[in-house]
Amino acid sequence: MTVPYDGPGYTTRAFEWPAASPASRPLPEGSTTGIAGGLNFRGRNETGCDPAAMTAVPFYSSRGEFINLAVVLVPMSEEIMNLLRMAGRIEPLSPSKRIRDFLIRIQRTKISERIEVDGFLILRQPPHPPMDAAYYMLSPLSPSELKNLPKDAPRTYLVLRITEKSEVSGKLHSGAYVKASGVIDAYPWGNMRMLHVERLCGEDYSNYWLQYKDFALRKNEFEALFMDTLYANYDLEKALIYSLFASPTLMGTNKPWGEGISFSAIKTEQRIAFSVWEALRYIHSLLPWELRLKREKWVEYTDPFLDIDFRLRDPNGTNLEYYTPTSRTLLKKELPAPKWAEHLFKNKKAVFLVSKSSKILPDDPVAYLSETPFILTEPVAYERNPELERLMPNVVATIFLERAKVGSLNIGSKQVETFRRKFEEWLAKNRNEYGEKFDALRLSGMVFETNTRYLLSIHLLGAMARFEGALKRSIINDVLLINQELLDLWINEVPEKVLLRLLEEYERYVSSDRRVNLAISIFMDIEATTVDGTVTKDEFFRALLKYGFKPADAQNIIEGLIREGYLYEPLSGRLRLIR
């Protein structure tokens, strides 16, 4: 048996043995066919097999009673990966790569040495377990990767031997991502390795992807994969890419939102809405099963070599799950999602990528809670992208790695305060340009309700920060550019009858005095960017002066708004708008 080891000018050691573990002799002859691996590898010819987990391509030769096998386990170096990138070729983060890394780690550890490994727990006994402890298995692959492996693909497992002395902690279930440490040994049956577990603990699923930093895509590589797949408006394509990164959790707000985000596209014409849905469904289908939002959290898998069935639970406990409607009929619902998922949409506990076939209404519940509520003007096209399909694990690793860099956003931070001022300037600009139409779209429950749109814009800011790798000042303007694109679409696409009805409602709400009307709009702008919806009298007074009001007039208007029931003081010196 010839085993090349990696490293600078890797060396080769040759192992030949006339006999191996007697425990392997009862195994069926000829059970090595094609490519086998790990638990299933059987080297016969009446010599037994090497008691180590391995994946090998067998090359038979006649050398007395020996079998000559070439086992190539040379991990790709960083230099080689960089050369591939320079040549325009990106190494995929494939299941075979993860199996190879796992095997190298196991093979390099000698019997009786300590080791720490990670993988997915399988609460199923290996073949012929001894009766002296609890025996389970560990796989380097996630439940969906195991299930989707071709029948002739290499597989490997590590046996975990757990006793009363083993320290066990965390949430453990079949399919859970775990870390195990202990002493390595040979399993008495077959050629598997076994770990005498000293410590076994449940780990966050995201840590599974964080170890693959070398396989993360650069920003331009990530963007190109999706730009080469979709044929749509540039802002819509970018918004979809940002949505894949989800959003950091907002700190300092009373909204019970998670890190989910909503990308939506609405159009009355069914063919246009369906075109977006088909493109989104294609992208969604490439995501691992663990990242798809679903009601059923279990997957069943039968190992084709062992003929053992496993029932594995979804290990993903994060908000990073993605949903796209499963059928066209859902696109006609007010919220294109099943009832069990509606609260997840409202509380942003998942990423929703949806299109909707309906009338364009300013109080549409999907548009109201969507960071990017696009109104479509033409169909969206897509084509199958083999490169995207090949590199989807790299895409997922990139998302998790960037997610770890920007985990939360504090509403009171300097960067968000800078965004707040820019957002208020954006509101003032559009009030001057669109007048009452814009104010009408900002009424409570409408698509541009100011406070909700402000928080949604911060959510979008966070998603863009993840894509960029950090919260940069330059992306603040990019958020407002997308907001402007969306506002222009809604102003121009909302039916005239709907807009007139909305203006009538708005006129009943505001005063006929233009100065009072302006003061209320200014107050709404300030209120929208506060955490609790209250504004201090001093802040409101200074804002009125900034807009050209004289000090005496500003004071009179504030008192008049309180007297006439537009504002009230829940706390001394703090004002709130009565809606």
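Reader: Which residues of strand β15 make up its covered face?

Author: Keep in mind that this is a predicted model. In a regular strand, side chains alternate between the two faces of the sheet. Strand β15 covers residues 298-303, and W298, E300 and T302 sit on the uncovered face. That leaves the covered one to V299, Y301 and D303.

Reader: And in β16, what is the bridge partner of T302?

Author: Strand β16 takes in residues 308-313 and runs antiparallel to β15, with six bridges joining the two. The hairpin they form has four residues between the strands, and D307 takes a positive phi near 60° there. Within β16, T302 has as its bridge partner D309.

Reader: Now the open sheet of four strands: which are its edge strands?

Author: The order is β17-β18-β14-β19, with parallel pairing. In the middle of that order, β14 (residues 262-267) and β18 (residues 351-357) pair over six bridges, and A265 has S355 as its bridge partner in β18. An edge strand here pairs on one side only, and that fits β17 (322-323) and β19 (372-375).

Reader: Which residues have the most contacts inside the largest nonpolar core?

Author: Nonpolar side chains tend to be buried together in soluble globular proteins. Here the largest such core counts 113 residues, while another core, of 20 residues, lies apart from it and has V516 and Y566 among them. Leaving out residues up to four places away in sequence, F222 touches L217, I241, L244, F245, V395, T398, I399 and F467. Inside the largest core, the most contacts go to F222 and F352.

Technical notes
Residues numbered from 1 in each chain as written. Predicted model: local features only at pLDDT ≥ 70, side-chain atom pairs only at ≥ 80, totals over all residues. Heavy atoms only, no water. Buried < 20%, exposed > 50% of the residue type's maximum accessible area, 1.4 Å probe, protein only. Pairing = 2+ DSSP bridges. Core = buried A, V, L, I, M, F, W, Y, C linked by side-chain atoms within 4.5 Å. Contact = heavy atoms within 4.5 Å.
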